[in-house]
Amino acid sequence: MPKPVYCIVAVAQNGIIGRGGRLPWNIPEDIEWFMDQTEGGVMIEGPHCYKELSKALEGRGTVVISRQTEKIFPGAERASDLAEALSVAQRMPWTGPIWITGGERIYAEGLPHCEKLYITRIHRNFEGDRKFPSDWPSQFKRLTWSKDGTFDGLNYTFEIWER
Ligand SMILES: NC(=O)c1ccc[n+]([C@@H]2O[C@H](COP(=O)([O-])OP(=O)(O)OC[C@H]3O[C@@H](n4cnc5c(N)ncnc54)[C@H](OP(=O)(O)O)[C@@H]3O)[C@@H](O)[C@H]2O)c1
């Protein structure tokens with residue numbers, strides 16, 4: 001059975017997902033949510049995301065998409081494009097889903113391949129330099145689960161969407 005492909009992201013009200021190579025917010029419950037969901041699966045990410053985490057996370061596989069063949073990402077596989085990353089991820093021994101985990105271009109290219117979208121909607125605008133595709137609501141029509149949260153006066157909602 002091929003692994004399903006899902007997307008996981010946290011997005012500000014104005015579509016921002018990153019600023020200066022970092023997350024623009026600090027929401028411990030969202031990090032915990034990300035770690036819990038992706039455990040046992042395979043993450044597909046870009047080199048900036050790998051650098052932000054500073055390593056491959058334990059308890060899951062990682063495939064980094066980079067066209068630079070000389071680059072090494074300890075603990076992770078490297079792929080030259082999304083198609084190669086998806087086939088490498090399918091062959092890895094982790095049995096959980098394949099997770100598209102960003103950044104900007106990998107979300108844009110990966111989203112059409114995803115069965116489900118795990119989105120944390122942060123109910124505030126943030127300044128930033130990376131965005132999530134604004135057309136995601138036209139791709140995902142069924143909200144199947146949601147849960148509200150608050151941290152340090154910042155309100156957010158975890159949502160799971162299907163096509
Ligand atoms: N809010 C969230 O949930 C979330 C999630 C993830 C990331 N982020 C934020 O997003 C930012 C990092 O994302 P980013 O967009 O800057 O970087 P990124 O996706 O981690 O890395 C970009 C690099 O990926 C490679 N790449 C991207 N698309 C490719 C393709 N189709 N084929 C081959 N290589 C490709 C290129 O590297 P090469 O030059 O090596 O080929 C490109 O320079 C940070 O601010 C981070 O905090 C937020």
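Visitor: Which residues does isoleucine 100 touch, not counting residues up to four places away in sequence?

Guide: Isoleucine 100 touches Val5, Tyr6, Cys7, Ile8, Ile44, Leu82, Ile106, Tyr107, Gly110 and Cys114. Contact here means heavy atoms within 4.5 Å.

Visitor: How do you know what to trust in this model?

Guide: It's a predicted model, where local features need pLDDT of at least 70 and side-chain atom pairs count only at pLDDT 80 or more, while totals for chains, interfaces and linings use all residues. Residues are numbered from 1 along each chain as its sequence is written, and side-chain values use heavy atoms, with hydrogens and water left out.

Visitor: What makes a set of residues a nonpolar core?

Guide: The members must be buried Ala, Val, Leu, Ile, Met, Phe, Trp, Tyr or Cys residues joined through side-chain atoms within 4.5 Å. The largest such core has 28 residues, and Ile44, Val63, Ile100, Leu117 and Phe132 have the most contacts inside it. Two or more residues each come from β1 (5-12), β3, β4, α3 (82-91), β6 (98-100), α4 (104-110) and β7 (116-122). The top giver is α3, with 5 residues. Apart from this core lies another one, of 19 residues, including Ile16, Leu57, Trp99 and Phe158.

Visitor: Why is valine 11 called buried?

Guide: Buried means under 20% relative accessible area, exposed means over 50%, and partly exposed is in between (1.4 Å probe, protein chains only). Valine 11 has 7%, which is under 20%, so it counts as buried. Its place is in strand β1. Leaving aside neighbours within four places in sequence, valine 11 is in contact with Ile16, Ile17, Trp25, Ile119, Thr120, Arg121, Ile122 and Phe132. Take arginine 121: it is 110 residues from valine 11 in sequence, yet the two are 5.3 Å apart in space, C-alpha to C-alpha.

Visitor: And glutamate 159, why does that count as buried?

Guide: Its relative accessibility is 10%, again under 20%, so glutamate 159 is buried too. You'll find it in strand β10 (residues 154-162).

Visitor: What makes the pairing of glutamate 159 and arginine 121 a polar contact?

Guide: The term needs a pair of N or O atoms within 3.5 Å; within protein, one must be able to donate a hydrogen and the other to accept it, and residues adjacent in sequence count only if both atoms are side-chain atoms. The side chains of glutamate 159 and arginine 121 are joined at 3.1 Å, which is within 3.5 Å, so the label fits.

Visitor: How do you know that β3 and β4 pair?

Guide: Strands are DSSP runs of E, at least two residues, and helices are runs of H or I, at least four, numbered from the N terminus. Two strands pair if DSSP finds at least two bridges between them. β3 (residues 42-45) and β4 run parallel and have 4 bridges, so they pass. On the other pairing, β4 and β5 (residues 77-79) are parallel with 3 bridges. Valine 64 stands opposite glutamate 45, and its bridge partner in β5 is arginine 78.

Visitor: What makes β4 mostly covered?

Guide: In β4 (residues 61-65), 5 of its 5 residues are buried.

Visitor: Last one: which polar side-chain atoms lie 3.0 Å and 2.9 Å from an oxygen atom of the ligand?

Guide: Histidine 48 has the one at 3.0 Å, and glutamate 52 has the one at 2.9 Å.
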